[in-house]
Amino acid sequence: MYIDSYYIILVIPALLLGVWAQYRVNSTFQKYSQVSGSRGCTGAMAAEMILRNNGITDVQVEHISGNLTDHYDPAAGVIRLSDSVYNSRSIAAVGVAAHEAGHAVQYSVGYAPIKIRNLFVPVANIGSKISIPLIFLGLLLSFQKLISFGILLFAAVALFQLITLPVEFNASNRALAVIQEQGLLADDEVSGARKVLSAAAMTYVAALISTVAQLLRLIGLYGDRGRRRD
C-alpha cells in the first residue's frame, strides 16, 4: 500500500495549523465583538476618520453582508465593512475597520510592498487555478516539462502569499497607531484590538505555510519520479 509520507509530514501539520488559526481569529473576534469601546466609535466611523485624517477623499465606506467579509477594494475605491463591523461599537469592529482603512492609506502613500504584490496578482490567480490541473495532465501524459511548469505556477502562489505578509502586518500596525493617536479606543482597550489583528494576521501566515508545504510535497514527488526514471 502506497503511503504519501510528504502529505503526512508536511501537509497535515500545515492544515492543522490553518484550522487552529481560523479558530483563533473567529474566537478572538467573537470575544472582542462583545466588548464595546468606551469612546462610542463604530467601525464605519473609525474607517472614515482614518481616511479623512490622511486626506483621502476618493474612498467610500460601505456596508456589506456577511461575517468577517471586510475588505478594501482599490479598483472601486471602497472599504466594505461587514454586518459585525460597520455599525458595531465593539473593540473588534474598530480594529478591523482601521485595518482595512490602513490598506487604503497604503495605496494613497504608494507603499512599495503593495505595489509589488499587485504585480503578482495576475500570475498568482492563474497559478491558483491551473497549476494542479497542469501537474495532473503532465503526470497523465508523462510530460515532465508540463509538470515542472505546473509546480512553477504553484510556487508563484506561495511567493504571492509571502509578499502579502508585510502588506497585512503593515496595515495592522498603521491601524493600531491611528487608534492610539486619534483615541478611537481607550488605552486599556487597544490590547484587545491588537489581539484581534494579530489573530487575523496568523491566518495569512498559516495559509503561506500550507502552500509551502504543498509546494514541497509536489517538488518531493516530482523529484522521486525523476529519480525513478533515471
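**Exercise 1. In which helix is the place of Thr-211? Determine also whether this residue is buried or exposed, and list its contacts.**

*Solution.* The model examined here is a predicted one.

Step 1. Thr-211 has its place in helix H6.

Step 2. The relative accessibility of Thr-211 is 10%. Buried means under 20% relative accessible area, so Thr-211 counts as buried.

Step 3. With neighbours within four places in sequence left aside, Thr-211 is in contact with Phe-154, Val-157, Ala-158 and Gln-161.

**Exercise 2. Describe the overall organisation of the protein.**

*Solution.*

Step 1. Six helices and three strands make up the secondary structure. Along the sequence these elements follow the pattern α-α-β-β-β-α-α-α-α.

Step 2. The C-alpha trace spans about 70 × 35 × 25 Å along its principal axes.

Step 3. The protein has 230 residues, and 45% of them count as buried. The area that the protein exposes is about 12000 Å², of which carbon and sulfur atoms supply 61%.

Step 4. Among contacts with a separation of 6 or more, 71% join residues 24 or more positions apart.

**Exercise 3. Which residues of the largest nonpolar core touch the most other members? Identify the elements that contribute to this core.**

*Solution.*

Step 1. The largest nonpolar core contains 36 residues, and Val-61, Ile-79, Leu-81 and Ile-179 touch the most other members.

Step 2. Two or more residues of this core come from each of H1, helix H2 (43-53), strand E3 (78-81), H3, H5 and H6. H3 gives the most, namely ten residues.

Step 3. A second, separate core has seven residues, including Ile-147, Ile-151, Phe-154 and Ala-158. Two of these names, Phe-154 and Ala-158, also appear among the contacts of Thr-211.

Step 4. Leu-81 may now be taken individually. Apart from neighbours within four places in sequence, its contacts include Val-61. Others among the contacts of Leu-81 are Ala-44, Ala-47, Ile-64, Asp-70, Ala-97 and Glu-100.

**Exercise 4. Characterise the largest pocket by its volume, its lining and the elements that supply it.**

*Solution.*

Step 1. The space in the largest pocket amounts to about 610 Å³.

Step 2. Its lining consists of 25 residues; Asp-70, His-99, Glu-100, Glu-168 and Tyr-204 lie nearest the centre. Of these, Asp-70 and Glu-100 are also in contact with Leu-81.

Step 3. By type, the lining comprises 14 nonpolar, seven polar and four charged residues.

Step 4. At least two lining residues come from each of helix H1 (5-33), strand E2 (71-73), helix H3 (91-109), helix H4 (112-141), helix H5 (144-181) and helix H6 (190-229). The largest share, six residues, is that of H6.

**Exercise 5. Compare the settings of Ser-172 and Val-190.**

*Solution.*

Step 1. Ser-172 is found in helix H5, whereas Val-190 is in helix H6.

Step 2. Ser-172 counts as buried because its relative accessibility is 7%. Val-190 is likewise buried, with a relative accessible area of 2%.

Step 3. Residues up to four places away in sequence are not counted here. Ser-172 touches His-99 and Leu-197, and Val-190 is in contact with Leu-176, Ile-179, Gln-180 and Leu-185.

Step 4. Val-190 and Ala-177 are 13 residues apart along the chain, and their C-alpha atoms are separated by 9.7 Å.

**Exercise 6. Which value does phi take, positive or negative, in Leu-68 and in Ser-142? Locate both residues, and then examine Ser-84.**

*Solution.*

Step 1. Phi is positive in Leu-68, near 55 degrees, although the residue is other than glycine. Ser-142, also not a glycine, has a positive phi of about 55 degrees.

Step 2. Leu-68 has its place in the loop between strand E1 (60-63) and E2. Ser-142 is in the loop between H4 and H5.

Step 3. Leu-68 counts as partly exposed because its relative accessibility is 31%. Ser-142, at 43% relative accessibility, also counts as partly exposed.

Step 4. Ser-84 lies in the loop between E3 and H3. Not counting residues up to four places away in sequence, Ser-84 touches Leu-68, together with Phe-29, Gly-66, Asn-67 and Ala-93.

Step 5. Ser-84 and Gln-30 are 54 residues apart in sequence, and their C-alpha atoms are 9.5 Å apart in space.

Terms used:
Residues numbered from 1 in each chain as written. Predicted model: local features only at pLDDT ≥ 70, side-chain atom pairs only at ≥ 80, totals over all residues. Heavy atoms only, no water. 1 Å grid on protein atoms, 1.4 Å probe; cavity = no way out; pocket = protein on both sides within 12 Å on 5 of 7 lines; lining within 4 Å. Points joined across faces, edges and corners; volume = space filled by probe spheres on them. Helix = DSSP H or I, 4+ residues; strand = E, 2+ residues; numbered from the N terminus. Nonpolar A, V, L, I, M, F, W, Y, C, P; charged D, E, K, R; others polar. Buried < 20%, exposed > 50% of the residue type's maximum accessible area, 1.4 Å probe, protein only. Contact = heavy atoms within 4.5 Å. Areas by Shrake-Rupley, 256 points an atom, 1.4 Å probe, with all protein chains shown as cover. Core = buried A, V, L, I, M, F, W, Y, C linked by side-chain atoms within 4.5 Å.
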